[in-house]
Amino acid sequence: MNVLLVGESWTKHTIHVKGFDSFTTSEYEEGAHWFRSAMKEAGMDLTYIRAHEIDEKFPLDLGSLKEFDVVLFSDIGSNSFLLPAQTFNHSKRTPNRLQLVKDYVNDGGGFAMIGGYLSFQGIEAKAKFKGTVIEEILPVQLESGDDRVEVPEGAAPVVHDNHLVLKDVPKEWPGFLGYNRVTVKNESDLVMTIGKDNDPFLVTGSYGKGRTASFSSDFAPHWGPPEFVEWKYYNIFWKQLVEWLANN
C-alpha cells in the first residue's frame with residue numbers, strides 16, 4: 001500500500017533579546033516521526049512531502065496522485081497548495097492541487113485531514129480550508145473562524161461507534177491538549193467525540209468512489225502528548241485507519 005503524507009514540518013525563527021543586544025536563530029523541525037514509524041511497522045510504503053517541498057514535489061496531475069492509495073494532510077494550510085511559486089511570483093497558471101485531491105477521492109482514493117494549528121481552519125483561520133473543495137470531500141463542515149479548542153488540562157476522546165478503524169483499539173484513550181472544532185455532515189459516521197461539548201473527534205465518510213476521514217487533533221506534539229504518541233495502540237490505530245481509507 002502506498003501512502004502520501006503532506007505537511008507536519010516547520011521552521012522556527014527566534015529573536016533572542018539580552019538587554020541592549022539581540023540576535024536571531026533558526027531551527028527546522030518535523031513532527032511526523034511517530035506516524036512514519038507506524039507506517040513502517042505496518043509494512044506500508046510512505047512518501048513524505050514536507051511543508052516546504054509541496055511546490056516542487058506534490059503531484060500536478062491526477063495520474064501521478066493515483067499512484068497513492070491514501071493521501072493525508074497534517075498541519076498544512078491551503079495556501080501551500082494554491083499559491084505555487086509559478087502562480088504567486090510569476091502570475092502563471094498552474095493546476096489546482098486541491099481540485100486534484102477532490103478528483104482523486106471521487107475516483108476512489110482515500111483522504112484524511114489530521115488536526116493542528118494549520119489544519120481545517122486553524123489558528124486565526126489561516127489554514128483557510130473553509131469553502132474549498134477539500135471541505136466538500138471531508139465528512140465534516142468547517143467553522144468560519146479560528147476553530148481551535150485549547151484543553152491544557154487534557155481531554156480524552158469518547159468512542160461512540162464500533163467502527164472498523166477501532167477494531168483492535170481499546171475504548172480508553174489518552175487525553176489530548178487541544179483540537180479543531182468541526183461539525184459532522186449528515187451522511188457521515190461520528191466515531192469519537194471529545195471535550196465538554198462532545199465535539200467530533202474522529203469522523204469517517206465517503207465522497208464519490210472514495211473514503212475520507214477527519215481526525216480533529218494532532219498525531220504528534222503538541223496537541224498529541226507523549227501519552228498518545230507513545231501509546232501501545234498508536235501504531236495499530238493509524239494502520240487500521242489507513243487500511244480503511246484505502247478500502248483494503
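Here is a short chat about cores, a buried arginine and a surface patch in this predicted model.

Residues are numbered from 1 along each chain as its sequence is written. In this predicted model, local features need pLDDT of at least 70, side-chain atom pairs count only at pLDDT 80 or more, totals for chains, interfaces and linings use all residues, and side-chain values use heavy atoms without hydrogens or water.

Student: Which helix gives the largest share of the largest nonpolar core?

Tutor: Happy to help! A nonpolar core is a set of buried Ala, Val, Leu, Ile, Met, Phe, Trp, Tyr and Cys residues joined through side-chain atoms within 4.5 Å. The largest one has 40 residues, and Trp173, Phe215 and Trp238 have the most contacts inside it. Seven of its residues, the largest share, come from helix H9 (residues 234-245).

Student: Is Arg97 buried or exposed?

Tutor: Buried means under 20% relative accessible area, exposed over 50%, and partly exposed in between (1.4 Å probe, protein chains only). Arg97 has a relative accessible area of 2%, so this residue is buried.

Student: Which backbone oxygen does the Arg97 side chain reach?

Tutor: Start with the neighbours: Arg97 touches residues including Ile54, Asp55 and Pro84, where contact means heavy atoms within 4.5 Å. At 3.0 Å, its side chain reaches the backbone oxygen of Phe58.

Student: How does Leu82 count by its relative accessibility, and what is the value?

Tutor: Leu82 forms a nonpolar surface patch with Leu83 and Phe88. Patches here take residues with over 30% relative accessible area and no salt bridge, with like charges joined within 9 Å and nonpolar side chains (Val, Leu, Ile, Met, Phe, Trp, Tyr) within 5 Å. Leu82 counts as partly exposed, at 33%.

How values were computed. Accessible areas come from the Shrake-Rupley method with a 1.4 Å probe; for residues, only the protein chains shown count as cover. A salt bridge is a side-chain nitrogen of Lys or Arg within 4 Å of a carboxyl oxygen of Asp or Glu. Helices (H or I, at least four residues) and strands (E, at least two) are DSSP runs, numbered from the N terminus. A polar contact is a pair of N or O atoms within 3.5 Å; within protein, one must be able to donate a hydrogen and the other to accept it, and residues adjacent in sequence count only if both atoms are side-chain atoms. Lists of a residue's contacts leave out its neighbours within four places in sequence.
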